[in-house]
Amino acid sequence: MKLFIVTGASKGLGEEMLRQLMRPGHRLIGLARGEGTELQAEARARGVRLEWISCDLSDARRLETVMAEALTDGSGGEGSDVGIGPGNGSAFADGITGAYLINNAGTIEPMAPVDRCSVPDMARSVALNLIAPMALTAEFIRHTAGWDVDRRVLNVSSGAGKKPYYGWSAYCASKAALDMFTRCAGEEQQVEEGGVRVLSVAPGVVDTGMQSRIRETSADLFRQRDRFVRLKQSGALLSPGEAADKLLRVLFDDRHPSGSVLDIRDLF
Ligand SMILES: NC(=O)c1ccc[n+]([C@@H]2O[C@H](COP(=O)([O-])OP(=O)(O)OC[C@H]3O[C@@H](n4cnc5c(N)ncnc54)[C@H](OP(=O)(O)O)[C@@H]3O)[C@@H](O)[C@H]2O)c1
C-alpha cells in the first residue's frame, strides 16, 4: 500500500493529483481548509481510502499536529501513537510500501507592490507557501524515520521563484526560498541511508483558480496581467489534469536526486 499526503487537495492542481492517485493499492490523505466532501465520495465510489484533514496551513501552530494526525491512526484508538515522538507510527506503517508528501497548497496573495501589501497578508503568504512545506517536510522525515520504505517529498514551486514579477514579491520570495529549502533538505537526505527524496518542481502556467485570480487583478497592482490574459485567450495554459500527470511522473522519476529543483517545462 502506498500512502500519499497531498496539501491543497480541494481545488486546482492538488485536486487533480489526488484524483489521479485514486487507484487500487493507494491510501490517500487530503488537506485543505475546505471539506473535500465530493472528493471523498468519489474516492469511496472508486474503492479507495481517502482521509481528509481540514486545516488552515498558514497557522504554523497546527503544523506539527497535522502531520502527527496524518501519519498515525487518526482515530486515537488502538494503534494510534500520536505524540510518542520522532520515528513513531510503526503500527500505522504496517503494510505501507511507500510514503509520499506533496506540498502543493499555495497562494498568490497579496498581489500588489510591496509598499501596498499589509504585513499580515505578507506573513500569511510566507506561512502558507514556505513555512508549511518546511514544517510538513520536517515532520514527515521525523515521523517516517523508522519506516523501511520508499519516501519522497514533492514541493510544488513556481517559475516565479526564479524570476521577479511586479506585484508578486511575497509569492516570488517564498517560492525562491522553497527551492533553497529543498536543496538543503535534499543535501542532508542524500547522505542518509534510505533518505527521503525531496524535490521542488515548477508546474508551468496551469488553468486553475489561481490563474483566474491573477487575471482579475488590476494591471496597476500586477503589471504583467495582460500577458496572463493573453496566455489564457490563446489556449497556452496547461490543464490541471496534464500538469498533475507531469508532476506525479516527476515524483517517481529516479533520475532526479534528492534536492533537485526542476521545471516541468524543461522536462516534457
Ligand atoms: N496555477 C498556476 O499557474 C501555478 C503556476 C506555478 C505554480 N503553481 C503552484 O501550484 C500550487 C497549486 O496551485 P493552484 O493553481 O492549484 O491553486 P488554487 O487553485 O488556488 O488551489 C490552491 C489550493 O491550496 C489550498 N489552500 C489555500 N490556502 C490554504 C490554507 N491557508 N490552508 C490550507 N490549504 C490552503 C486551497 O484549498 P482551500 O481553499 O480549500 O483551503 C486549494 O486546494 C501552488 O503551490 C501554486 O503556487 C501554480
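**Exercise 1: around the ligand**

Work out how the residues of the shell around the ligand divide into nonpolar, polar and charged.

*Solution.* Keep in mind that this is a predicted model. Start with the tally: the shell splits into twelve nonpolar residues, 13 polar ones and three charged ones. Next, look for the residues that come nearest. Out of the 28 residues around the ligand, these are Gly8, Gly12, Arg33, Gly34 and Gly106. Finally, see which elements give two or more residues to the shell: they are α1 (12-20) and α7 (209-216).

**Exercise 2: the sheet from edge to edge**

Find the order of the strands in the open sheet, and explain why one side of β3 and of β7 is left without a neighbour.

*Solution.* Step one is to walk across the seven strands, which gives β3-β2-β1-β4-β5-β6-β7 with parallel pairing. Step two is to look at the ends of that walk. β3 (49-54) and β7 (261-263) stand at the edges with a single partner strand each, so each has one side with no neighbour in the sheet. Step three is the twist, which averages 20° from one strand to the next.

**Exercise 3: counting bridges**

How many bridges join β1 to β4, β4 to β5, and β6 to β7?

*Solution.* Take the pairs one at a time.

- β1 (residues 2-7) and β4 run parallel and share five bridges; Lys2 has Gly98 of β4 as its bridge partner.
- β4 (residues 98-103) and β5 are parallel too, with six bridges. Here Ala99 is partnered with Arg151 of β5.
- β6 (residues 197-202) and β7, again parallel, are joined by three bridges, and Ser200 finds its partner in Val261 of β7.

Now check how covered β4 and β5 are. In β4, five of the six residues are buried; in β5, five of the seven are.

**Exercise 4: helices on the sheet**

Which strands do α2 and α6 touch as they pack on the sheet?

*Solution.* Begin with helix α2 (residues 37-45), which touches β2 (26-32) and β3. Its direction makes about 165° with that of β3. Then move to helix α6 (residues 169-190), which touches β5 (150-156), β6 and β7. The direction of α6 makes about 160° with that of β6.

**Exercise 5: the nonpolar cores**

Identify the residues with the most contacts inside the largest nonpolar core, then find the helix that gives this core its largest share.

*Solution.* The largest core has 56 residues, and Phe4, Met17, Met67, Ile102 and Leu247 have the most contacts inside it. Helix α5 (residues 119-143) provides the largest share, with seven residues. There is also a second, separate core of eight residues, among them Met111, Ala112, Ala170 and Phe222. For a closer look, pick Phe4: leaving out residues up to four places away in sequence, Phe4 touches Leu21, His26, Leu28, Tyr100 and Ile102. As background, nonpolar side chains tend to be buried together in soluble globular proteins.

**Exercise 6: a peptide bond**

Is the peptide bond from Glu109 to Pro110 cis or trans?

*Solution.* Check omega: it is near 0°, and the bond is cis. Then place Pro110 in the fold; Pro110 sits in the loop between β4 and α5.

Terms used
Residues are numbered from 1 along each chain as its sequence is written. This is a predicted model: local features need pLDDT of at least 70, side-chain atom pairs count only at pLDDT 80 or more; totals for chains, interfaces and linings use all residues. A residue is near a molecule or strand if its C-beta atom, placed from the backbone, lies within 6 Å of it. Helices (H or I, at least four residues) and strands (E, at least two) are DSSP runs, numbered from the N terminus. Ala, Val, Leu, Ile, Met, Phe, Trp, Tyr, Cys and Pro count as nonpolar, Asp, Glu, Lys and Arg as charged, and the others, Gly among them, as polar. A nonpolar core is a set of buried Ala, Val, Leu, Ile, Met, Phe, Trp, Tyr and Cys residues joined through C-beta atoms within 7 Å. A residue is buried if 20 or more other C-beta atoms lie within 10 Å of its own, exposed if 12 or fewer, and partly exposed in between; C-beta atoms are placed from the backbone. Two residues are in contact if their C-beta atoms, placed from the backbone, lie within 7 Å. Two strands pair if DSSP finds at least two bridges between them. Axes are lines fitted to C-alpha atoms, for helices over the stretch in contact, and angles run from 0 to 180 degrees between N-to-C directions.
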